[in-house]
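Here is a set of short exercises to work through with the viewer open. Try each task yourself before you read the solution.

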Amino acid sequence: MKNTKFIVVALFFCGAVWSQEARKTRADIDAKVSELLSKMTLEEKVGQMTQITVTVFEDAQKPGYFDAAKLKKGIQEYHIGSILNVPNPGAPTLQRWQETMAAITNEANKSRLKIPVLYGIDAIHGASYTAGATLFPQQIGLAATFNTELVKRGAEISAYETRASSIPWVFSPDLDFPRNPAWSRMWESFGEDAYLSSKMAVALVDGFEGNNVGSKYSVASCMKHYIGYGSTTTGKDRTPSIIPERILRQYDLTIYQAAIKAGAKSVMVSSGEINGTPVHSSKHLITDILKKELGFEGVVVTDWKDIIYLNTRHKIAATKRDAVRIAVMAGIDMSMVPEEFTFYTDLVDLVQKGEVPMSRIDDAVTRILRMKFELNLFQNTVANLKDYPKFGSAEHIQEAYKTAAESITLLKNNDAVLPLNKEEKILVTGATANSMKNLNGGWSYTWQGENADTYAADKLTILEAFQAKLGKENVLYTAGADIEKEDDAEIQKAVELAQKASKIVLCLGEKNYTETPGDISNLYMSKSQVKLALALAKVNKPIILILNEGRPRLISDFEDKMSAVVQCYLPGNEGGRALVDILYGEVNPSGRLPYNYPRYPNSLEKYNRKHTESLADEEQNNDAKYEKSYSPQFEFGTGLSYTTFTYSNLKIDKAEITNTDEIKVTVEVTNSGKRAGKESVLLYLSDNYASITPEVKALKRFEKISLEPNETKTVKFTLNQKDLQFVNEDLKWISEKGTFTIQIANLKKDFLLQ
């Protein structure tokens, strides 16, 4: 007992010392920022708020390399504080990144105050703009793991390899909350649940920034895209949203709150508009809520050209100059201009003429300089490559493989058709069967990810992973279909080969894309691929459908003819290998779906729908027949295993609670099958009656556990008062007296809030 007390006291002392040290460091940095700010001219301050894309400074005759005069002009004349993006033609080596950053640093060191340039990059699933980097699953796959420790470890590796590229700032995590699955950036999000998104957001921020964001192995994170970006009414990118503030606060804002509490250093603003107000022009959202109410002290950066778009797209500013005034006064700290210097010249003029106060400029520049000091950029901006021996290493690759393996989700497995037998003759076919760009998706080496097969030529596609495991001679293959173009000859070839196979592995999905180029008007799987699926179904051989897609493309036209369905999302460079190991049972699948997979394009309800979206049979009038109002193809949280898990003894410590009590929940989970496996235990809560119509259920806790055959573990959760609350019409978080139902698997327990 004495030892226990000593440990507790020691931990308290260490925590207090760390807290004091953090306060001292913050005070030191604030003093340095104030001193530097006092020496700066207006022009130097506005320059810090200006972010330009790297290609602006390239030599027209030598793409990928700087024109020294252009770089000098940008840094010495316009005093730019930040550069982003990737030199042509994309994905430089570590050595080229080092040379690029050295050139920028050398030029910055010639400036009057020698303020370092802050470089930012879209490293969203690894150091994805560096040749040879370790690429992880995209965010939607991370969510499917339901394993925050695994996700945090991946972010640590991503930070390590991004810093090895001499880049200290990543535009990640994506905290968008998509409400329409057709949205072209759904795969960059964590799916449709705010609680899951919040926990994953914290995991990424913790992994990126570590205990010391200034470490040579950490990077500053950037939450994006604040706020409501994923909720367009059309489902298309950068189109308007209609979202009541009550809804924003109950769902979207909670994700940002969690990441801010975790210490996220910056935030990127949404390109969209909400209720007719572009977010870049909203003082209410940026200053009043984000900066004041949530206490966010980091840097607020625009997205690509979005101040200019206030003039050219949104049409709320008659000129670019007016757009600058509106955005800066709304609370923008840094403009991703990014291809010209009009932001700089307009803002200098606005301040000189009294239309933007110097206090607003000083606030923005203070935030930017603070982040530069926190990142230790005044000490060093260029990586010493000897410090990064693990870049692209076997150790890092193994972590990416593990993450891919835990993300891949088995949705259907009729008659235990999986796992496959190595003695069987397999036909591998489909448009995504032999493609690295489809495994990786966008933001991979280049913006749209179209060159991944070149940059990742040493990695295994799904087909190549089959061939590596079985030998080329034992794997039948033909493409069968292009994603877009119909090819009857290829379909016929696939049908003929299928006659020779015991089972068919059919790989379907989408092209690589992100942002507006990924907009679609039809959520169904493409016609060419549906045609292939229906033709193969007539062969009457078991078909294992592999979905390789960023959003759920509808498969209801042929899903009933598939024996098994596996969702692998966009699993990254190790995804093909992980998938095939799962198909042969060398890895037991454990992913769970982080969104409802819809059955029809006009039936896109979320799992936490309202009761009126899922009327029961007894609630329908008896003089007519009805289609089920809620019938997803697969529901949020679906995820099968090659073993079975049995839940029992769901217990709560109190049947009645007051509005200050916590409630402790326990449940026993047993591996009742014959294989070791991992199980994500999901706890849902239902508020049975409330003044704002309650959700059918909402995820409140989850934990992933590993179990050997016949092993039982007791999983413990604690619910607090916030878990019982919702946002009312006065925009206040409240709970109301009444009964609540806890559900874990098929078990339920009620309790009463007095």
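Two strands pair if DSSP finds at least two bridges between them. Helices (H or I, at least four residues) and strands (E, at least two) are DSSP runs, numbered from the N terminus. This is a predicted model, in which local features need pLDDT of at least 70 and side-chain atom pairs count only at pLDDT 80 or more, while totals for chains, interfaces and linings use all residues. Residues are numbered from 1 along each chain as its sequence is written, and side-chain values use heavy atoms, with hydrogens and water left out.

**Exercise 1. Follow the pairing of strand E21 on both of its partners.**

Step 1: Start at E21 (residues 663-671) and look for E19 (residues 645-652); the two run antiparallel and are joined by six bridges. Here Tyr-647 lies opposite Val-669.

Step 2: Now turn to E24 (residues 712-719), which pairs with E21 through eight bridges, again antiparallel. On this side, Thr-670 faces Thr-712.

**Exercise 2. Work out the strand order of the open five-stranded sheet, and find its edges.**

Step 1: Reading across the sheet gives E20-E28-E27-E22-E23, and the pairing is mixed.

Step 2: E20 (656-657) and E23 (698-707) are the edges, since each of them pairs on one side only.

Step 3: Zoom in on E23 and its antiparallel partner E22 (residues 677-687), where you will find nine bridges. One pair to pick out is Glu-679 with Ile-705 in E23.

**Exercise 3. Describe the setting of helix H7.**

Step 1: H7 (residues 194-209) has 16 residues and spans 22 Å from first C-alpha to last, close to the expected 22 Å. That expected span is 1.5 Å times one less than the number of residues.

Step 2: Check burial, where buried means under 20% relative accessible area, exposed over 50% and partly exposed in between (1.4 Å probe, protein chains only). In H7, 12 of the 16 residues are buried, including Leu-196, Met-200, Leu-204 and Phe-208.

Step 3: Look for the cover, counting a contact as heavy atoms within 4.5 Å. It includes helices H5 (139-145), H6 (148-164) and H8 (245-262), along with strands E6 (169-170) and E23.

Step 4: Inspect both ends. At the start, a side-chain oxygen of Asp-193 comes within 3.1 Å of the backbone nitrogen of Tyr-195; just after the helix, Gly-210 has a positive phi of about 60°.

**Exercise 4. Is Asn-548 buried or exposed, and what lies around this residue?**

Step 1: Asn-548 sits in strand E17 (residues 543-548). Because its relative accessibility is 0%, Asn-548 counts as buried.

Step 2: Beyond four places in sequence, its contacts include Thr-432, Leu-508, Gln-567 and Tyr-569. The Asn-548 side chain also reaches the backbone oxygen of Asn-438 at 2.9 Å.

Step 3: Measure C-alpha to C-alpha: Cys-507 is 41 residues away in sequence but 7.0 Å away in space.

**Exercise 5. How many disulfides does the structure have?**

Step 1: Take a disulfide as a pair of cysteine sulfur atoms within 2.5 Å; a search of the whole structure then finds zero. For Cys-507, the nearest cysteine sulfur belongs to Cys-568, 7.8 Å away.

Step 2: Check accessibility too: Cys-507 is buried at 0%, and Cys-222 is buried with a relative accessible area of 0%.

**Exercise 6. Where does pLDDT stay under 50?**

Step 1: pLDDT is the predictor's confidence in each residue, from 0 to 100. The chain mean is 95, with 97% of residues reaching 70 or more.

Step 2: Residues 1-15 stay under 50, and the model has zero contacts for them beyond four places in sequence. Where pLDDT is low, the predicted coordinates should not be read in detail.

Conventions:
A polar contact is a pair of N or O atoms within 3.5 Å; within protein, one must be able to donate a hydrogen and the other to accept it, and residues adjacent in sequence count only if both atoms are side-chain atoms.
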